[in-house]
Amino acid sequence: MTDLTFHQFICRSDNYGLLLHDHKSGATAAIDAPDAAEIERQLDARGWNLTDIFTTHHHGDHVEGNLALHERYGCSITGPRSEASKIPGITRQVTGGDSFNWQGREVRVLDCPGHTLGHVAYHIPVEAAVFAGDTLFSLGCGRVFEGSMEQMYSSVSQLGALPPATKLYCGHEYTQSNARFALAIEPHNPTLVRRAAEVDSLRAEGRMTCPSTIAAEREANPFLRTGSVAIRKRLGMEDATDVQVFAELRERKNSFR
Ligand code: ZN
Ligand code: FE
């Protein structure tokens with residue numbers, strides 16, 4: 001557990017880059033490849049060699065670096081089977097329910113359709129970490145581009161049901177704008193109010209707001225709180241289903257300024 005270093009940085013404008021470096025073997029995995037040049041710089045600065053890319057979904061800001069990185073490092077590229085044709089250089093196709101071994105650790109693949117149809121998350125139980133891509137963000141969730149609201153609700157809920165101490169790594173630094181929306185929905189949630197203040201001060205110092213934890217998200221992320229009486233009252237949806245509340249939140253967020 002202590003043999004793995006997580007190195008996170010921001011690239012493009014608001015994408016997270018994330019490298020996992022295993023000290024014993026020297027192997028290094030990138031979660032998605034938003035920016036080859038920046039990932040190479042981060043690897044070079046540490047003398048690390050890229051052995052793997054774990055792709056969450058096919059969007060350009062998550063796969064754009066694949067071919068250049070594969071060219072330089074010959075790394076393997078793991079990604080969702082149903083999006084294989086859209087993931088440049090993919091060498092191993094996985095789907096929900098699969099698990100594979102990475103440097104002595106079990107990596108579980110979770111199907112998370114909604115943002116894209118084949119979107120997957122990677123969960124490493126022994127590290128208490130999940131890589132959620134553009135499905136679950138801190139205080140928010142991804143836009144529903146390809147799937148249905150039902151699918152996105154169940155994907156987000158699946159991540160929210162992981163062990164509470166699980167660290168949530170996500171695809172973008174969107175927390176500050178997510179916090180503004182969350183506060184508009186649930187202004188009197190003290191945990192959310194505290195987290196929003198923390199996020200403001202972190203961002204004012206140019207620091208990152210992730211990883212979060214599943215426990216913290218359950219307490220403050222409106223998309224994991226569709227059962228909340230306060231939220232339902234605010235929306236005038238006391239008797240609606242969780243999916244209906246989720247869909248209403250997602251639609252409001254789409255037009256929230
Ligand atoms: Zn995306
Ligand atoms: Fe993205």
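This short talk goes through two metal sites and three backbone details in a predicted model.

I will start with the zinc ion, ligand 1. Four residues coordinate the zinc ion: H57 and H115 through NE2, H59 through ND1, and D134 through OD. The distances run from 2.2 to 2.3 Å. Along the chain, these donors follow the spacing H-x1-H-x55-H-x18-D. Two of them show how the chain comes together here. H59 sits in the loop between β4 (49-54) and α2, while H115 sits in the loop between β8 (105-111) and β9, so this pair ties together parts that are 56 residues apart in sequence. Both H59 and H115 are buried.

Next, the iron ion, ligand 2. Which protein residues are the donors of the iron ion? They are D61 with OD, H62 with NE2, D134 with OD and H172 with NE2, at 2.1 to 2.3 Å from the ion. Their spacing along the chain reads D-H-x71-D-x37-H. In this site too, a pair links distant parts of the chain: D61 is in helix α2 (residues 60-63), and D134 is in the loop between β10 (129-131) and β11 (136-137), 73 residues apart. D61 and D134 are both buried.

You will have heard D134 in both lists. D134 coordinates the zinc ion as well as the iron ion, and the two ions are 3.1 Å apart.

Now the geometry. Why is the arrangement around the iron ion irregular? The angles subtended by its four donor atoms run from 85 to 170°. To count as tetrahedral, four donors need all angles between 85 and 135 degrees, so the upper end of the iron range, 170°, does not fit that class. The zinc site is irregular as well, with angles of 85 to 175° among its four donor atoms. For reference, the ideal angle for four tetrahedral donors is 109.5 degrees.

Last, the backbone. Where does the chain have a cis peptide bond? The bond from C210 to P211 is cis, with omega near 5°. P211 belongs to the loop between α6 (190-204) and β14 (212-213).

Two residues other than glycine have a positive phi. One is D32, with phi of about 60°, in the loop between β3 (27-31) and α1 (36-46). D32 is buried, because its relative accessible area is 5% and the cut-off is under 20%. The other is A128, with phi near 50°, in the loop between β9 (120-124) and β10.

To close, the residue to find on the screen is D134, which bridges the two metal ions.

Key:
Residues numbered from 1 in each chain as written. Chains lettered and ligands numbered in written order. Predicted model: local features only at pLDDT ≥ 70, side-chain atom pairs only at ≥ 80, totals over all residues. Heavy atoms only, no water. Donors = N, O, S within 2.8 Å, 3.2 Å for Na, K, Ca; no water. Tetrahedral: all angles 85-135°; square planar, octahedral: opposite > 155°, others 65-115°. Helix = DSSP H or I, 4+ residues; strand = E, 2+ residues; numbered from the N terminus. Buried < 20%, exposed > 50% of the residue type's maximum accessible area, 1.4 Å probe, protein only.
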